[in-house]
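This report describes a protein chain, beginning with individual residues and ending with the fold as a whole. Please consult the sequence and the structure alongside the text.

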Amino acid sequence: MFALDPEQSHRFVLGILRITISKGILRWLVKKCYQVRTDELKKDLFDKKFFNPIGLAAGFDKDALAIESLSSFGFGFIEIGTVTPKAQDGNPKKRLFRLSRDYGLINRMGFNNEGSQTIARRLKKLKRPDGLIIGVNIGKNKDTPIKESINDYLKCLKTFSPLADFITINVSSPNTPELQSLQEKELLKNLINKLITENNKSKSPVPILLKISPDLSFQQVDDIVEIVEKTKLAGIVAVNTTLKRDEIKSPYKDQKGGLSGRPLFQRSLEIISYIKAKQTKPFCIIGVGGIQSPQDALKIFEAGADLIQIYTGLVYQGPRLIKRINQYLLRSIQSN
């Protein structure tokens, strides 16, 4: 896979998974080999029951093409997207780069996806794997002016609230122009209040979480925690990719886009610890960023995360990482 262009490799893997592990004896064998199910790993959060706390981060299966196959590897939850109201191609290629020396990736994908209606139809037809929690990460179209972006989020919320177990608001991707400005206090407060109001009107209101950037100042994190608590959002996903390039050794370090993987781990840990220390009311913290080993996962949980997500770790460590983390957590729980 590493001999191929990263984006070609990714599409190839999703295609193979979709064809080979979606059903039948092979799927049964994969589940038998990879899944760890025990009451000790279960989590009850925002009125949802997670059979383990390990999730697949948004960006891996943007269009909900391989949920059944990916779930076989033992994820407790899968987040698809980022989804926008209209289909869009994203940014020009080449736009995904491996930083192999650093166990990282740089991407400037730009919310490439098939659009909310196509993906919603796919979710409606999905034979949901037993117990799997599914989240949908939503964003704005590139050609939507920032002042009108709330309409894109509202459209996606209305489309996916009957289909998703939770919705994540993505205002923190560095690859859509001006998007991160929505993290400013007043703009963010306005966006969340309108989404909450619309959600409360729905026959099937859905838990809403907010995904934040690792490049925020601590003052900005303070503002976000305050907004989350006042609006009673279900939680924070910390963190998205970073624009910083501290101590990167790989030749692609100067490529534009968001950096994920091991170089992000310490900042992710720092932000999660800070959010936990500032938290005065209950909300869920999903930790994501640089988790490449069971030991990394445990540190993120000890910092204050209730759930974790992996993406780049899956690329470099393979799907066995999910089982290794679950087994390590189980031993840690049992030893205590």
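## Thr82 and its polar partners

Thr82 has a relative accessible area of 4% and is therefore buried. The model under discussion is a predicted one. Within it, Thr82 belongs to strand β4, which covers residues 77-83.

Two polar contacts involve the side chain of Thr82. One joins the side chain of Thr82 to that of Asn137 at 2.6 Å, and another joins the side chain of Thr82 to that of Asn170 at 3.0 Å. When residues up to four places away in sequence are not counted, Thr82 touches both of these asparagines together with Lys62, Phe111, Asn113, Ile138 and Gly139.

## The loop between β12 and α9

Gly289 is found in the loop that runs between β12 (284-288) and α9 (294-303). Is this glycine buried or exposed? Its relative accessibility is 8%, so Gly289 counts as buried. Residues up to four places away in sequence aside, Gly289 touches Gly261, Leu264, Phe265, Ser268 and Gln309. Gly313 stands 24 residues from Gly289 in sequence, and the C-alpha atoms of the two are 8.9 Å apart.

Gln292 is likewise placed in the loop between β12 and α9. With a relative accessibility of 1%, Gln292 falls under the 20% limit and so counts as buried. The side chain of Gln292 forms a polar contact of 3.1 Å with the side chain of Gln317. Neighbours within four places in sequence aside, the residues in contact with Gln292 are Tyr103, Gly261, Arg262, Thr312, Gly313, Tyr316, Gln317 and Leu321. Gly261 thus appears among the contacts of Gln292 and among those of Gly289. Asn141, by comparison, is 151 residues from Gln292 in sequence, with a C-alpha to C-alpha separation of 31 Å.

## Ser22 between two helices

Ser22 occupies the loop between α1 (6-20) and α2 (24-34). Because its relative accessible area is 17%, Ser22 is classed as buried; the class extends to values under 20%.

The side chain of Ser22 reaches back to the backbone oxygen of Arg18, at 3.1 Å. Apart from neighbours within four places in sequence, Ser22 is in contact with Leu17, Arg27, Glu68 and Ser69.

## Overall fold

The protein contains 11 helices and 13 strands. Its radius of gyration is 18 Å, close to the 20 Å that the globule rule gives for 336 residues, so the protein is as compact as a globular protein of that length. Taken along the principal axes, the box filled by the C-alpha atoms is roughly 50 × 45 × 40 Å.

Where do contacts reach along the chain? Of the contacts between residues at least 6 apart in sequence, 73% join residues at least 24 apart.

## Burial, surface and charge

Of the 336 residues, 59% count as buried. Thr82, with its 4% relative accessible area, is one residue that is buried. The protein exposes about 15000 Å², and carbon and sulfur atoms supply 50% of that area.

The protein carries 53 positive and 34 negative charges, and the mean positions of these two sets are 5 Å apart.

Technical notes
Residues are numbered from 1 along each chain as its sequence is written. This is a predicted model: local features need pLDDT of at least 70, side-chain atom pairs count only at pLDDT 80 or more; totals for chains, interfaces and linings use all residues. Side-chain values use heavy atoms; hydrogens and water are left out. Helices (H or I, at least four residues) and strands (E, at least two) are DSSP runs, numbered from the N terminus. Buried means under 20% relative accessible area, exposed over 50%, partly exposed in between (1.4 Å probe, protein chains only). A polar contact is a pair of N or O atoms within 3.5 Å; within protein, one must be able to donate a hydrogen and the other to accept it, and residues adjacent in sequence count only if both atoms are side-chain atoms. Contact means heavy atoms within 4.5 Å. The radius of gyration is taken over C-alpha atoms; the globule rule is 2.2 Å times the number of residues to the power 0.38. Accessible areas come from the Shrake-Rupley method with a 1.4 Å probe; for residues, only the protein chains shown count as cover. Lys and Arg count as positive and Asp and Glu as negative; His and the chain ends are not counted. The place of a charge is taken as NZ of Lys, CZ of Arg, CG of Asp or CD of Glu.
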